[in-house]
Amino acid sequence: MIKGRCGRTVRKAAAAFLVLWLCVPQTVYGGNTVSSGKSIQIKDIPPAASESKNTKKVSFYRKNGTLYKTVSVEKGGYITLPGMKNSSAYTFMGWSDKPGQTKAPQYEAGQRIRINGNKKLYAVMFKRSKEPDLKESQLEKVDFSKYRKVIFVGDSRTCGMEKTFEVDFGKVPKGVSMVARGGQGLYWLQRSGVQKLFEEVRCSSSEKRPAAVVFNLGVNDLAYCNAYIIYMNQLAEKLKARGCKLFYMSVNPMNNAMRESQYKSEAKIREFNQKIKAGLSSSFTYIDTYRYLMRTGYSTWGGVGKSVRYDDGLHYDTTTYKRIYNQCMKKINGK
């Protein structure tokens, strides 16, 4: 025991203070002042925030049924849906109220939904081995009765499509050419890409068939959609004067959980597509391959033609590149 001054102990001093405190009238939350000797009833204490009846839980489950994460949301509030990394055999597509779904998700990563009650969401995972691998004979061909040629203008994804044809078939389909450069966007198109495009569309004055030009740019500079709209509408007049029919392919889906880029995301792609579709002039026909891939599934497995393959959530497998090409060609041919 520790001794205080004048031989008094610390314990005795503490006991004396407690007796003095109990003799002083006290005020309790939710009640009146009471005197010593009377019982004290504590009431009306507000519940802890974690126990609020208005708090709802959103539980996310993996493909195998195990819990991925749980998020608490105030009733009537909104939640931004998370993403999930792909596995070697599956592409994460989004979320659904029903377990076991493999494509056409009910919700997508980055989408905001309102929560009014406890909710369970299950990962929609596309099995990559189920994606058809188109043969050369199955590819949609250029309709030469309508077009003299088809030109794809784009970035690394268009380069991947071109490389797919060269590796799998030894050549790009007849009547098709690619004007593309990896990692580029509007600046490249304005400075050098457009000159290459003008060379591709050049033809004799006697040629009556148009060249179909398909633009697939934007994933590398999603923040500049308004600048795209202005430039593309101006460029349309020059290309129409050169005998071109114009198409704009949607920026196609990605899984940002595989790269966690602040510049590219599922929500930003959807916003870009919405704006570009609404802002382009009637000179363009919009081809929505984004929705096509979300309905049918896709594979992100880059490195076409390389021994080392990788999944960055952005570049596609050869199977997906061929399906994107085929869907585009069907729309161009009016099917």
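At 15% relative accessibility, Gln327 counts as buried. You'll find Gln327 in helix α7, and apart from neighbours within four places in sequence, Gln327 is in contact with Thr289 and Tyr292. Keep in mind that what you're looking at is a predicted model.

**Helix α7 around Gln327**

Gln327 has plenty of company: α7 is mostly covered, with 13 of its 15 residues buried. The helix runs over residues 318-332, and at 1.5 Å a residue it should span 21 Å; the C-alpha atoms at its two ends are 21 Å apart, so expectation and model agree. Just after α7 comes Gly334, with a positive phi of about 80°.

**The chain as a whole**

Stepping back, the chain has 335 residues, and 45% of them count as buried. Its secondary structure comes to 7 helices and 13 strands. Take the contacts in the chain with a separation of 6 or more: residues 24 or more positions apart account for 70% of those.

**Helix α4 and its neighbours**

Now to α4, which covers residues 225-241. Its 17 residues should span 24 Å at 1.5 Å a residue, and the end C-alpha atoms sit 25 Å apart, which agrees. As with α7, a glycine turns up afterwards: α4 is followed by Gly243, whose phi is positive, near 80°.

Which residues of α4 are buried? They are Cys225, Tyr228, Ile229, Tyr231, Met232, Leu235, Ala236 and Leu239. That list makes more sense with a bit of helix geometry in mind: an α-helix has 3.6 residues a turn, so residues three or four places apart point the same way.

What do the buried residues of α4 pack against? There are two helices, α3 (186-201) and α5 (266-279), along with the strands β11 (211-216), β12 (244-249) and β13 (284-287).

The two helix partners are worth a side-by-side look. Two packed helices are described by the angle between their axes and the distance between the axes.

| Helix pair | Angle between axes | Distance between axes |
|---|---|---|
| α3 and α4 | roughly 15° | within 12 Å |
| α4 and α5 | about 30° | 10 Å |

Start with α3. Angles under 35 degrees count as roughly parallel, and α3 and α4 are therefore roughly parallel to each other. Their crossing is right-handed. On the α3 side, the contact uses Leu186, Leu189, Gln190, Val194, Leu197 and Phe198; these meet Ala227, Tyr228, Tyr231, Met232, Leu235, Lys238 and Leu239 in α4. By class, the residues of this contact of α3 with α4 divide into 11 nonpolar, 1 polar and 1 charged.

Then there's α5. The same cut-off of 35 degrees applies, so α4 and α5 are roughly parallel to each other as well. α4 passes α5 in a right-handed crossing. Here α4 brings Cys225, Tyr228, Ile229 and Asn233 to the contact, and α5 brings Phe272, Lys275, Ile276 and Gly279. Sorted by class, the contact of α4 with α5 has 5 nonpolar, 2 polar and 1 charged residues. Tyr228 is one to click on, since it appears in the contact with α3 and in the contact with α5.

**The loop between β12 and α5**

Ala257 is found in the loop between β12 and α5. Is Ala257 buried or exposed? With a relative accessibility of 16%, Ala257 counts as buried. Leaving aside neighbours within four places in sequence, Ala257 is in contact with Gly83, Met84, Lys85 and Glu266. It also makes a nice example of distant parts of the sequence brought together: Ala257 and Phe92 are 165 residues apart in sequence, yet 9.4 Å apart in space, C-alpha to C-alpha.

Glu260 lies in the loop between β12 and α5 too. Unlike Ala257, which counts as buried, Glu260 is exposed, with a relative accessible area of 64%.

**Two residues with a positive phi**

Most residues other than glycine have a negative phi, and most peptide bonds are trans. Against that background, Glu260 stands out: its phi is near 50°, a positive value in a residue other than glycine. Ala104 is another case, with a positive phi of about 50° although it is not a glycine. Where does Ala104 lie? Look in the loop between β6 (90-96) and β7 (112-115). Ala104 is partly exposed, with a relative accessible area of 38%.

Conventions. Residues are numbered from 1 along each chain as its sequence is written. This is a predicted model: local features need pLDDT of at least 70, side-chain atom pairs count only at pLDDT 80 or more; totals for chains, interfaces and linings use all residues. Side-chain values use heavy atoms; hydrogens and water are left out. Helices (H or I, at least four residues) and strands (E, at least two) are DSSP runs, numbered from the N terminus. The expected span of a helix is 1.5 Å times one less than its number of residues. Buried means under 20% relative accessible area, exposed over 50%, partly exposed in between (1.4 Å probe, protein chains only). Contact means heavy atoms within 4.5 Å. Axes are lines fitted to C-alpha atoms, for helices over the stretch in contact, and angles run from 0 to 180 degrees between N-to-C directions. Angles under 35 degrees count as roughly parallel, over 145 as roughly antiparallel, 65 to 115 as roughly perpendicular and the rest as oblique. A crossing is left-handed if the near helix is turned anticlockwise from the far one by less than a right angle, and right-handed if clockwise. Ala, Val, Leu, Ile, Met, Phe, Trp, Tyr, Cys and Pro count as nonpolar, Asp, Glu, Lys and Arg as charged, and the others, Gly among them, as polar.
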